[in-house]
Amino acid sequence: MNSSSSRRTVTVDTTQRKNPAMCQHQPACPTSDSADREAARLVAHHPEQGWSLLCNGILLFEDTGELLPDGQIIAPHRQVMTAA
């Protein structure tokens, strides 16, 4: 068997790849780029692992950090409590 005939090269253009819309309910959840993105519904919740998946594709971590569907990282933004 000729090895060149059994191999195929597949080129994937990531700029053309779209994430399927997870939000199928009405009213629709805020998008991942909106200011109120954390108000989206939970799709999966794993407190033992410290993360939740929101309907808009955001991974929300227990330290309030986020991973957006486009790969952007949002640093934790939990308010720090100080003793008076």
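The following exercises, each with a worked solution, concern the predicted model shown above.

Residues are numbered from 1 along each chain as its sequence is written, and side-chain values use heavy atoms, with hydrogens and water left out. Since the model is predicted, local features need pLDDT of at least 70 and side-chain atom pairs count only at pLDDT 80 or more, while totals for chains, interfaces and linings use all residues.

**Exercise 1. Confidence**

Task: State which element of the chain has the lowest mean pLDDT and which the highest.

Solution.
Step 1. pLDDT is the predictor's confidence in each residue, from 0 to 100. The chain averages 78 on this scale, and 68% of the residues score at least 70.
Step 2. Helices (H or I, at least four residues) and strands (E, at least two) are DSSP runs, numbered from the N terminus. The chain holds 1 helix and 5 strands, in the order α-β-β-β-β-β from the N terminus on.
Step 3. Helix α1 (residues 3-6) has the lowest mean pLDDT, 48, and strand β2 (residues 51-54) has the highest, 96.
Step 4. Over residues 9-20 pLDDT stays under 50, and for these residues the model has 2 contacts (heavy atoms within 4.5 Å) beyond four places in sequence.

**Exercise 2. The sheet**

Task: Determine the order of the strands in the sheet and explain why β1 and β5 each have one side without a neighbour there.

Solution.
Step 1. The sheet is open, with 5 strands in the order β1-β2-β3-β4-β5 and antiparallel pairing.
Step 2. β1 (42-46) and β5 (73-74) stand at the edges; each has a single partner strand, so one side of each is left without a neighbour in the sheet.
Step 3. Two strands pair if DSSP finds at least two bridges between them. β1 and β2 run antiparallel and are joined by 4 bridges; H45 has S52 in β2 as its bridge partner.
Step 4. Strand β4 (residues 66-67) pairs with β5 in the antiparallel sense over 2 bridges.
Step 5. The hairpin of β1 and β2 has 4 residues between the strands, and G50 takes a positive phi near 85° in this hairpin.

**Exercise 3. E66**

Task: Decide whether E66 is buried or exposed, and describe its surroundings.

Solution.
Step 1. E66 belongs to strand β4, where it stands opposite I74 in β5.
Step 2. Buried means under 20% relative accessible area, exposed over 50%, and partly exposed in between (1.4 Å probe, protein chains only). E66 has 2% relative accessibility and therefore counts as buried.
Step 3. A polar contact is a pair of N or O atoms within 3.5 Å; within protein, one must be able to donate a hydrogen and the other to accept it, and residues adjacent in sequence count only if both atoms are side-chain atoms. The side chains of E66 and R37 make such a contact at 2.8 Å.
Step 4. Neighbours within four places in sequence aside, the residues in contact with E66 include R37, I58, F61, I74 and H77.

**Exercise 4. The nonpolar core and the loop before β1**

Task: List the residues of the largest nonpolar core, then compare the accessibility of C23 with that of H25.

Solution.
Step 1. A nonpolar core is a set of buried Ala, Val, Leu, Ile, Met, Phe, Trp, Tyr and Cys residues joined through side-chain atoms within 4.5 Å. The largest one has 7 residues: C29, A40, L54, C55, I58, L68 and I74.
Step 2. Beyond four places in sequence, A40 is in contact with C29, P30, L54, C55 and N56.
Step 3. C23 lies in the loop between α1 and β1 and is partly exposed at 22%, whereas H25, in the loop between α1 and β1, counts as buried at 18%.
Step 4. C23 touches A28, C29 and C55, not counting residues up to four places away in sequence. The side chains of H25 and R41 are joined by a polar contact of 3.4 Å.

**Exercise 5. Backbone geometry**

Task: Identify which residues a cis peptide bond joins, and give the phi of T64.

Solution.
Step 1. Most residues other than glycine have a negative phi, and most peptide bonds are trans.
Step 2. The cis bond joins Q26 and P27, with omega about -5°; P27 is placed in the loop between α1 and β1.
Step 3. T64 is not a glycine, yet has a positive phi of about 75°. T64 is found in the loop between β3 (59-61) and β4, and is partly exposed, with a relative accessible area of 21%.
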